[in-house]
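The following paragraphs lead the reader through one protein model, beginning with its metal site and moving outward to the chain as a whole. Please keep the sequence and the structure in view while reading.

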Amino acid sequence: MKVKVSRKAHFNAAHRLYRPDWEDAKNSAVFGKCNNPNFHGHNYDLVVSVKGEIDKETGFVIDMKVLKDLIKDKIEDALDHKNLNLEVPEFKDLNPTAENIAVVIWNKLRPHIGASNELEVVLYETPRNFVTYTGG
Ligand code: NI
C-alpha cells in the first residue's frame, strides 16, 4: 500500500530566458516577456510529493517535518529572492524555464529521499502555468 504525501512551499525569484547564441529578435520571439534583459520576478509555488510505503512503526511515509526542513534547506535557501541566472550555479549555462527549475529542484532533493520512495516535483510559475517532473 503506497501513499503519496505532499508539502507546499513558495519562493520568489528573478530570471531571464534567452540564448546568447541567438539574435535579439529570435530571443524575443521565442521567450516573449521572459526575455526582458533587465530580468523579472515570479512567485513560484512548489509542491513536493513523496510516495512510498507507510512505515509500520511511525505510520509515516516521510516525516513532514523532515520534508519541510529539506525543502527549506535545499530549495528555499538556494532559490528564494535570488536572480536565478546570476546567483544560482545550476543556471549559469541553463535557461531557468519552469521545466529546468523543476528538474534542478528534483535533482537537489532526490539524494535526500529514501531510495524506495518516489519523488515528484510540481512547480507553478504562475497560477495557471505549472510543470511536473518525476525523474527519468
Ligand atoms: Ni518569466
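How are the donor residues of the nickel ion spaced in sequence? They follow the pattern H-x18-C-x5-H-x1-H. The model in which this site appears is a predicted one.

The residues behind that pattern are His15, Cys34, His40 and His42. Each histidine contributes its NE2 atom and the cysteine its SG atom, at distances of 2.0 to 2.1 Å from the nickel ion. The angles among the 4 donor atoms run from 94 to 131°. The site is classed as tetrahedral because four donors count as such if all angles lie between 85 and 135 degrees. For comparison, the ideal angle for four tetrahedral donors is 109.5 degrees.

The surroundings of the donors may be considered next. Histidine 15 belongs to strand S1, which covers residues 2-15. With a relative accessible area of 0%, histidine 15 counts as buried, because that term applies under 20%. Cysteine 34 and histidine 40 are buried as well. Beyond its neighbours within four places in sequence, histidine 15 touches Cys34, His40 and His42, and its other contacts include Phe39, Tyr44, Leu84 and Glu125. The C-alpha atom of histidine 15 is 9.7 Å from that of phenylalanine 91, although the two positions lie 76 residues apart along the chain as counted by their separation.

Phenylalanine 39, one of the contacts of histidine 15, deserves separate attention. This residue is found in the loop between helix H1 (24-31) and S2. Its phi is positive, at about 65°, although phenylalanine 39 is not a glycine. Most residues other than glycine have a negative phi. Is phenylalanine 39 buried, partly exposed or exposed? Its relative accessibility is 23%, so it counts as partly exposed.

A positive phi is also found at histidine 81, with a value of about 60°. Histidine 81 lies in the loop between helix H2 (64-79) and strand S3 (82-83). Its relative accessible area is 60%, so histidine 81 is exposed.

The discussion now turns to valine 50. This residue is part of strand S2, which spans residues 40-53. Valine 50 has a relative accessible area of 0% and is therefore buried. Which residues does valine 50 touch, leaving out those up to four places away in sequence? Among them are Val3, Lys4, Val5, Val61, Ile62, Leu67, Ile113 and Leu119. For valine 5, the C-alpha atom is separated from that of valine 50 by 5.4 Å, while the two residues are 45 apart along the chain.

The chain as a whole can then be described. It contains 4 helices and 5 strands, arranged along the sequence as β-α-β-α-β-α-α-β-β. Its C-alpha atoms fill a box of roughly 60 × 25 × 25 Å along the principal axes. Of the 136 residues, 38% are buried. Where contacts join residues at least 6 apart in sequence, 66% of them link residues at least 24 apart.

The surface and the charges complete the account. The chain exposes about 8,200 Å², of which carbon and sulfur atoms supply 51%. There are 19 positive and 20 negative charges, and their mean positions are 2 Å apart.

Key
Residues are numbered from 1 along each chain as its sequence is written. This is a predicted model: local features need pLDDT of at least 70, side-chain atom pairs count only at pLDDT 80 or more; totals for chains, interfaces and linings use all residues. Side-chain values use heavy atoms; hydrogens and water are left out. Donors are N, O and S atoms within 2.8 Å of the metal (3.2 Å for Na, K and Ca); water is not among the atoms, so sites may look incomplete. Four donors count as tetrahedral if all angles lie between 85 and 135 degrees; four count as square planar and six as octahedral if opposite donors are over 155 degrees apart and all others between 65 and 115; anything else is irregular. Buried means under 20% relative accessible area, exposed over 50%, partly exposed in between (1.4 Å probe, protein chains only). Helices (H or I, at least four residues) and strands (E, at least two) are DSSP runs, numbered from the N terminus. Contact means heavy atoms within 4.5 Å. Accessible areas come from the Shrake-Rupley method with a 1.4 Å probe; for residues, only the protein chains shown count as cover. Lys and Arg count as positive and Asp and Glu as negative; His and the chain ends are not counted. The place of a charge is taken as NZ of Lys, CZ of Arg, CG of Asp or CD of Glu.
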